[in-house]
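Q: Hey, I'm new to this one. Can you walk me through it?

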Amino acid sequence: MSLLKVNDMKIHFPIRGGFFRTVVDHIKAVDGISFELEPGETYGLVGESGCGKTTTGRGIIGLNTITGGEVLFEGTDLAKQSRSERRKHVKDIQMIFQDPYSSLNSRKNVLNIIAEPLRNFERMSPGEELKRVQALVDRVGLNPESIYKYPHQFSGGQRQRIGIARALMLNPKLIIADEPVSALDVSVQAQVLNFMQEIQKEFNLTYLFISHDLGVIKHLCDRIGIMYKGRFVEEGTAADVYNNPQHLYTKRLIAAIPEMNPEKRFEKMHLRQAINEEYRTDYDSYFDKDGRMFDLKSVSETHSVAVQ
Ligand SMILES: Nc1ncnc2c1ncn2[C@@H]1O[C@H](COP(=O)(O)OP(=O)(O)OP(=O)(O)O)[C@@H](O)[C@H]1O
């Protein structure tokens with residue numbers, strides 16, 4: 001059984017207008033996406049800013065109300081459960097956020113930050129709690145005395161490690177990592193991602209990585225879904241999506257990845273130019289693999305046929 005099954009999920013936000021603030025339209029932030037995560041798998045959700053990635057993550061964890069479709073966690077539809085039933089599952093799904101500066105409470109020390117999720121779910125003696133926090137602080141590579149320090153006393157990479165320790169505190173099955181390294185220096189990004197990969201087996205974790213940068217996460221992911229305007233334009237194994245992209249939009253994301261090799265850099269510049277010439281003003285029209293153009297509205301149907 002899949003650990004997570006997102007089935008035709010829709011999250012529409014109402015736009016209100018007029019004197020009576022009636023609903024005049026909707027922002028279709030997520031408009032019918034489907035994907036599954038097997039236990040132990042790493043799935044990448046990739047797309048440009050505003051395509052609905054964060055809304056998807058928040059919908060799975062219950063922070064955004066789902067307006068259509070379902071989210072099954074270990075076969076159970078979370079949205080249909082009572083609050084107390086949902087609580088049991090909510091501790092199995094933890095989120096790591098983009099900005100380790102604002103996501104940690106600056107007035108709490110590391111001990112209280114890391115212990116907080118545990119205190120919400122389990123009763124434990126202060127001694128036991130301290131032991132667990134110390135073990136996690138050690139595992140994420142921070143000094144034992146770190147637990148009495150405050151977030152501003154750490155570097156960006158160290159703060160993200162504190163965020164990871166907090167997420168691990170409840171022994172979750174699924175971690176949703178929303179742009180976990182995009183606020184960090186390039187040199188630190190790889191360290192944090194490598195560390196996340198290192199602990200995956202040890203803690204039996206399944207990852208949903210959310211990123212605007214295919215280059216950053218392609219090495220980590222088993223499968224990738226490419227999102228555009230609330231829908232999937234393409235989904236497949238990371239190798240297939242990266243080496244054999246079927247959609248112009250995916251090709252464009254790949255072309256945007258900075259190239260370190262000077263010879264390939266030139267090649268990539270040409271690719272970018274060619275793609276830009278092929279594009280009209282928007283990405284709403286795509287070329288399928290036979291070179292036919294189709295409208296984005298039909299992309300989800302085309303996609304579901306393609307992946308069967
Ligand atoms: N609570 C909300 N109310 C109204 N609109 C929202 C809300 N949250 C998100 N949106 C809109 O939904 C769309 C998708 O936003 P979302 O944050 O999910 O995109 P994203 O792909 O994660 O982009 P970014 O990486 O910039 O956060 C955007 O147009 C955004 O303005």
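A: Sure, starting with helix α4: residues 126–139, 14 of them, reach 20 Å from the first C-alpha to the last, close to the 20 Å expected at 1.5 Å a residue. That expected span is 1.5 Å times one less than the number of residues, and a helix here is a DSSP run of H or I with at least four residues, numbered from the N terminus. This is a predicted model, where local features need pLDDT of at least 70, side-chain atom pairs count only at pLDDT 80 or more, and totals for chains, interfaces and linings use all residues. Residues are numbered from 1 along each chain as its sequence is written.

Q: Which residues in α4 are buried?

A: V133, L136 and V137. Buried means 20 or more other C-beta atoms (placed from the backbone) within 10 Å of a residue's own; exposed means 12 or fewer.

Q: Why are they on the same side of α4?

A: Because they cover an arc of only 100° around the axis, taking the directions from the helix axis to the C-beta atoms. On the other side of α4, G127, E128, K131 and A135 are exposed.

Q: New topic: which residues are around the ligand?

A: F13, I27, A29, G47, S49, G50, C51, G52, K53, T54, T55 and H212, counted when the C-beta atom, placed from the backbone, lies within 6 Å.

Q: Which element gives the largest share of that shell?

A: α1, with three residues.

Q: And which strand is the bridge partner of I175 in?

A: β8, where I175's partner is Y207. Five bridges join β7 (residues 174–178) to β8 (residues 206–211), and the two run parallel.

Conventions: Pairing = 2+ DSSP bridges.
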